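I set out to record, entry by entry, what I looked up in this structure. The notes follow the order in which I took up each topic.

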Amino acid sequence: MELDGGSSSTISTGARTIPGRPARHGALYQFTQQSLPACKPVLTPKAVIATFLLMGLVFIPVGLVTLRASYSVVEIVDRYDIDCVPEEYRSNKVAYVKDDSISKNCSRFLKVPKSMRAPIYIYYQLDNYYQNHRRYVKSRSDQQLLHGLGYNDTSPCRPLESSNDLPIVPCGLIAWSLFNDTFKFRRGPSELKVNRKDIAWKSDRNHKFGKQVYPFNFQNGTFTGGAKLDPSIPLSDQEDLIVWMRTAALPTFRKLYGKIEEDLDADDVIVVNLKNNYNTYSFGGKKKLVLSTSSWLGGKNDFLGIANLFVGTFSILISIVFLVLHMKSPR
Amino acid sequence: MKRYVYIDDDETSHELYCDNRISNRKYTVLNFLPKNLWEQFSRFMNQYFLLIACLQLWPLITPVNPASTWGPLIFIFAVSASKEAWDDYNRYLSDKKANEKEVWVVRKGVKKLIQAQDIYVGNIVWLRENDEVPCDLVLVGTSDPQGVCYVETSALDGETDLKTRVIPPACMGIDDELLHKIKGVIECPSPDKDVRRFDANMRLYPPFIDNDVCPLTIKNTILQSCYLRNTEWACGVAIYTGNETKLGMSRGIAEPKLTAMDAMIDKLTGAIFIFQIVVVMVLGIAGNVWKDTEARKQWYVLYPHEGPWYELLVIPLRFELLCSIMIPISIKVSLDLVKSMYAKFIDWDQKMIDLETSIPSHATNTAISEDLGQVEYILTDKTGTLTENKMIFRRCCISGISYGNENGDALKDVELLNAVSSGSSDVVRFLTVMAICNTVIPTRSKTGDILYKAQSQDEDALVQAAAQLHMVFFNKSGNILEVKFNTSILQYEVLETLEFTSDRKRMSVVLKDCQNGKILLLSKGADEAILPYARAGQQTRHFIEATEQYAHLGLRTLCLAWRELKKDEYQDWSLMFKEASSTLVDREWRVAEVCQRVEHDLEILGVTAIEDRLQDGVPETIETLRKAGINFWMLTGDKQNTAIQIALSCNFISPEPKGQLLLIDGKTEDEVCRSLERVLRTMRITTSEPKDVAFVVDGWALEIALKHYRKAFTELAVLSRTAICCRVTPSQKAQLVQILKSCDYRTLAIGDGGNDVRMIQQADIGVGISGREGLQAARAADYSIGKFRFLKRLILVHGRYSYNRTAFLSQYSFYKSLLICFIQIFFSFISGVSGTSLFNSVSLMAYNVFYTSVPVLVSVLDKDLSEETVLQHPQILFYCQAGRLLNPSTFAGWFGRSLFHAIVVFIISIHSYAYDKSEMEEVSMVALSGCIWLQAFVITMETK
């Protein structure tokens with residue numbers, strides 16, 4: 001090392017004499033000499049134990065708060081897809097749902113377990129429905145949704161880009177399979193008002209679905225999918241469609257149907273009059289109706305709270321184990 | 001195969017042999033694009049990326065926009081192609097310069113000035129002093145009446161001293177004018193790369209000489225790229241031209257070097273590729289099964305009943321594309337980028353600037369910095385690399401009185417200067433021997449200064465020193481030497497020169513003092529070769545003490561002695577000497593024996609001590625690097641003794657009894673075999689002992705060993721940590737590198753001269769010292785540094801950091817792509833195994849470029865340990881050498897980490913959205929930000 005010190009000192013005198021070199025100080029010089037300042041935390045046992053302890057102390061309260069929020073949410077879930085099929089069709093549900101001549105009306109009675117504060121969100125939930133299937137996800141044309149017939153290239157919409165040699169607006173599998181069950185709610189004698197506006201993202205309404213684009217040649221093919229659209233309403237106001245077109249990532253998903261803007265009291269009985277149009281029978285999917293209040297964290301979901309609690313407890317456990325180890329054999 | 005060269009007969013040679021056009025180019029304008037593309041696509045990774053890019057053009061299966069693959073791919077290819085093109089263009093320019101140089105050539109009896117590329121085999125080429133030789137020639141005439149000319153062969157073998165070349169006896173005495181008309185035939189072997197051997201015959205046609213066949217040796221040739229020195233002109237017959245010259249044949253094509261790390265990364269890439277194929281197969285089959293059982297029931301997916309023929313392939317191919325990001329295309333770009341940063345750091349390093357010349361270190365090859373950290377063997381040249389290649393006369397001991405002991409420089413010792421000016425006879429004789437007992441040729445430069453051309457640097461130092469002590473050797477014409485002492489001019493006639501051989505370890509000259517007609521024998525040599533022959537009664541004790549003292553100081557000692565010969569004694573001996581020098585059998589031995597007869601009863605004049613200064617910090621550097629587990633081999637063209645001495649003084653080998661030197665020698669196959677066996681046996685025994693064992697081998701024995709006992713020699717190479725190879729040729733140096741490489745060692749070759757170029761090119765890493773022997777080595781090398789001691793910093797600091805950083809960066813690149821990829825795979829299980837991409841093209845690209853590739857570049861500044869710590873504890877390099885930071889098990893660790901992280905991210909993001917709207921875009925963004933945070937966390941944790 002004697003040599004090293006010597007050589008570096010001679011070089012430092014030489015560096016000044018060599019022209020065209022960056023100054024001895026300053027960021028550029030430090031960068032070229034790879035000597036930028038750096039912080040090097042040393043992992044001492046104490047620091048590690050303290051870190052884990054701190055992590056535990058942060059995570060556990062967060063988990064508790066999250067859980068509390070989740071428990072404050074009141075949720076009513078009602079599966080109706082089987083019960084709404086008349087007894088005689090139970091053996092062949094597909095035939096029932098495909099037969100337009102049979103009335104699809106159905107009534108459900110829901111009991112409110114706890115008082116629910118407005119707004120109460122109405123969702124329909126589909127199970128085993130693969131909105132994330134590649135063939136399905138890709139079958140849409142965002143350009144056409146915005147520009148309508150003015151946009152000709154509908155090739156992404158295959159296999160449903162046109163029918164009878166005319167383009168379809170909105171084209172593609174997603175729009176074609178639009179959910180078409182409808183729900184009406186009554187509490188006692190009076191009808192519950194369901195607000196079906198503002199259920200879609202505002203940005204979607206304003207920027208992704210054209211205000212001047214009207215449905216055209218929709219559901220006119222030989223093979224009808226889901227709901228029909230009113231050709232006189234522009235796409236930007238067809239909020240059901242907009243909600244539906246936001247495909248779900250999971251095969252079990254909920255879609256917002258509307259909001260009830262009245263409080264519901266405990267033990268109220270809600271009568272739901274629904275039209276059971278949508279075919280989930282051919283692939284064994286379930287249909288559920290969900291009424292739910294919301295907390296600051298959204299709907300009912302215990303997972304986050306439990307996960308936080310788990311991580312917190314685990315960190316504290318680790319810190320205790322380390323502490324014991326450290327006490328037994330300190331370095 | 002033989003070739004017959006007809007002197008000055010163009011027609012036959014035009015058909016048979018190539019012209020003298022030199023070409024080092026790899027491409028031509030026409031074949032550049034196909035050849036370059038072919039070369040680039042011979043790398044597996046590139047083929048893979050091309051395949052992926054092509055598949056992405058099929059919209060049915062592509063999950064993302066094809067531009068995201070094509071853009072980077074084209075960019076990468078364009079960059080490396082233009083780099084290649086630029087290099088090749090520079091090669092073309094330098095070839096062109098050499099090819100268009102003008103030379104004088106005799107054609108059909110007429111002397112013409114033509115371009116060097118138009119020389120044909122058989123042409124007579126005329127050269128003037130200081131001309132570069134354009135092709136291999138057999139000498140036929142020189143300006144010297146004795147038929148001697150001097151050439152400098154440094155480009156060929158790195159030796160800077162002048163070599164004498166003589167014209168064959170058959171051409172002796174031919175008049176200048178007649179040389180134009182000379183006709184004849186030379187029978188020579190087909191071109192080879194041996195620069196030490198040339199066995200040929202020449203027969204001149206009448207009227208020049210009778211039909212006797214005249215044998216030719218290498219002594220009669222001057223080879224391409226040598227320089228003609230101290231000779232007014234010389235001419236010769238072109239025998240090998242163009243790329244068929246000895247130099248051209250030995251010029252290996254520098255192959256692109258691949259670091260051990262690159263190889264490992266390629267291997268890991270292959271493993272990932274196999275993993276990918278397996279995943280794709282499994283998911284593809286599962287996807288097809290799911291499609292047939294489930295998807296057909298999902299009416300909203302609207303699967304047609306009859307698919308096209310390729311339907312079965314669609315899902316596997318989709319998964320292939322989905323998984324293609326497992327092998328990140330960005331890895332090549334970011335690795336290239338950080339590698340060029342490492343190179344820049346080397347260029348910028350102020351601690352590696354040579355202060356004498358202000359030359360900074362330079363990394364020519366920007367791609368192999370990591371290999372520096374994995375070096376296991378260093379093969380070093382001696383002269384100019386370890387030493388400064390400056391011999392300086394330091395001390396002397398004349399008849400018992402030591403000079404220069406006080407100030408370390410005899411030339412400034414007042415006592416010696418006084419003794420010289422007072423003309424003490426011992427001192428004058430000592431100086432005379434110093435000045436003329438040698439084979440030095442004095443020349444005059446344009447300014448009138450005397451320059452010495454010496455075969456050995458020692459002689460040069462002695463003559464220079466004598467000149468400074470007013471004994472100036474200023475002229476040599478024929479056999480007459482002229483020396484100026486103070487103001488008087490003394491003349492001597494050289495009668496015989498008893499040349500130096502490594503067996504005799506001394507050289508003598510017999511000369512006649514023209515002043516008084518006395519015949520003198522002047523000798524100089526190693527102490528053990530001179531002192532035993534002292535005249536009876538002379539006290540040699542203080543000379544022995546002096547030599548021991550000097551040797552202890554690391555100086556090279558020579559003893560000087562003289563004797564007066566009686567006339568008849570000389571005449572008798574002279575006859576014997578002439579006879580011995582003309583024998584054909586065992587000539588060397590016979591001559592030595594005859595020399596012995598006159599070299600006795602010497603009067604010892606004194607001892608000289610010459611310093612061949614080691615470069616600053618060489619012993620420390622070698623010691624540090626050896627502590628770091630690096631083995632050193634010294635390959636030198638120099639004599640065995642000098643090599644061993646230098647090796648001792650720079651910690652290369654330890655002196656007895658700690659160290660042991662094992663000699664491999666012998667002139668015949670059997671001898672070499674025996675000594676090789678012996679050395680091997682000793683090696684095997686001593687490997688367990690803590691003893692420094694080194695073997696010493698000379699070029700001749702090495703050649704035999706490499707030819708016949710390659711296996712044994714390879715075993716020896718593996719066993720020994722240290723070796724000294726002396727008298728080795730450039731191609732032998734390269735062969736030694738080859739042997740070590742074939743044993744899977746990482747080799748670094750360091751040298752400074754043209755003779756090291758091949759070894760430098762052959763080694764995994766070539767380091768050139770931009771030194772006195774020109775810039776050839778530095779230019780051919782991957783790294784050029786100013787001084788040997790910078791090697792320590794280059795390896796321990798730059799090499800090690802580069803290795804660590806690349807190890808992190810490459811594994812991290814795989815980690816972050818695998819992370820995303822695993823999430824995609826998990827997602828495919830909940831999306832009906834249909835190959836849906838959870839992430840859209842934009843976020844994938846952003847993830848790959850902005851969120852991961854760019855931040856990780858800070859790792860080029862990452863230092864796990866400070867430079868000082870590393871230099872103090874070089875043992876830490878073992879980690880790098882053994883490849884502990886990048887190997888299948890560390891990679892498996894990263895693989896597991898990415899799998900674990902992917903599971904965590906996936907479960908959290910899926911479960912937080914379970915029983916919710918779970919819009920795909922939201923989920924994908926949450927998962928993506930999870931990945932980004934996690935990998936940012938990983939970077940912070942892993943960089944220090």
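Entry 1, strand pairing. I took two strands to be paired if DSSP finds at least two bridges between them. The model I examined is predicted. With that rule I looked up A:N105 and found that A:N105 stands opposite A:K275 in β10(A). The two strands concerned, β2(A) and β10 (residues 269-275) of chain A, pair in the antiparallel sense over seven bridges. I then followed the sheet outward: it is open, has four strands in the order β2-β10-β6-β7 (chain A), and its pairing is antiparallel. Its edge strands are β2 and β7 (190-191) of chain A, each of which pairs on one side only.

Entry 2, a hairpin in chain B. I looked up strand β2 (residues 102-107) of chain B and found six bridges to strand β3 (residues 110-115) of chain B, the two running antiparallel. B:V103 has B:I114 in β3(B) as its bridge partner. I noted that β2(B) and β3(B) form a hairpin with two residues between them, and that B:K108 in the turn has a positive phi of about 50°. β2(B) also pairs with strand β4 (residues 124-128) of chain B, antiparallel and over three bridges. In that pairing B:W104 stands opposite B:W126 in β4(B).

Entry 3, disulfides. How many disulfides are there over all chains? I counted two. One of them is formed by A:C84 and A:C106, with the sulfur atoms 1.9 Å apart. The torsion about their S-S bond is about -75°, so this disulfide is left-handed. A:C84 lies in the loop between β1 (75-79) and α4 (93-98) of chain A, and A:C106 in strand β2 (residues 105-111) of chain A, so the pair ties together parts that are 22 residues apart in sequence. Both A:C84 and A:C106 are buried.

A disulfide also joins A:C157 to A:C171, with an S to S distance of 1.8 Å. A:C157 is in the loop between α6 (142-147) and β4 (162-163) of chain A, and A:C171 in the loop between β5 (166-167) and α7 (173-176) of chain A; the pair therefore ties together parts that are 14 residues apart in sequence. I recorded a relative accessibility of 0% for A:C157, which counts as buried, and of 2% for A:C171, which counts as buried too. With the bonded cysteines of chain A numbered in sequence order, the pairing reads 1-2, 3-4.

I also asked why B:C743 has no bond to B:C725. The sulfur of B:C725 is the closest cysteine sulfur to that of B:C743, but it is 14 Å away, too far for a bond. B:C743 counts as partly exposed, at 22% relative accessibility.

Entry 4, backbone exceptions. Most residues other than glycine have a negative phi, and most peptide bonds are trans. I therefore listed departures from this pattern. The peptide bond from A:A118 to A:P119 is cis, with omega near -5°, and A:P119 is found in the loop between β2 and β3 (120-126) of chain A. A cis peptide bond also joins A:V169 and A:P170, with omega about -10°; A:P170 lies in the loop between β5 and α7 of chain A. B:N486 has a positive phi, near 50°, in the loop between β21 (480-485) and β22 (488-498) of chain B. B:D744 has a positive phi near 65°, and its place is the loop between α23 (730-742) and β31 (747-751) of chain B. B:N486 is partly exposed, with a relative accessible area of 41%, whereas B:D744 counts as exposed at 67%.

Entry 5, helices and core. An unreviewed UniProt entry lists residues 47-67 and 303-325 of chain A as "transmembrane region". Residues 47-67 of chain A are 100% helix, with end C-alpha atoms 30 Å apart; residues 303-325 of chain A are also 100% helix, with end C-alpha atoms 32 Å apart.

I checked helix α30 (residues 888-912) of chain B: its 25 residues should span 36 Å at 1.5 Å a residue, and the end C-alpha atoms are 36 Å apart, which agrees. Its buried residues include B:F891, B:W894 and B:H901. Among the elements covering the buried residues of α30(B) is α10 (303-328) of chain A.

Lastly, the largest nonpolar core has 191 residues, of which A:F183, A:W244, B:I378, B:L748 and B:L791 touch the most other members. Helix α26 (residues 790-830) of chain B gives the most to this core, with 24 residues.

Key:
Residues are numbered from 1 along each chain as its sequence is written. Chains are lettered from A and ligands numbered from 1 in the order in which they are written. This is a predicted model: local features need pLDDT of at least 70, side-chain atom pairs count only at pLDDT 80 or more; totals for chains, interfaces and linings use all residues. Side-chain values use heavy atoms; hydrogens and water are left out. A nonpolar core is a set of buried Ala, Val, Leu, Ile, Met, Phe, Trp, Tyr and Cys residues joined through side-chain atoms within 4.5 Å. Buried means under 20% relative accessible area, exposed over 50%, partly exposed in between (1.4 Å probe, protein chains only). A disulfide is a pair of cysteine sulfur atoms within 2.5 Å. UniProt positions are given in the numbering used here, feature names are shortened, and annotations may be inferred rather than shown by experiment. The expected span of a helix is 1.5 Å times one less than its number of residues. Contact means heavy atoms within 4.5 Å.
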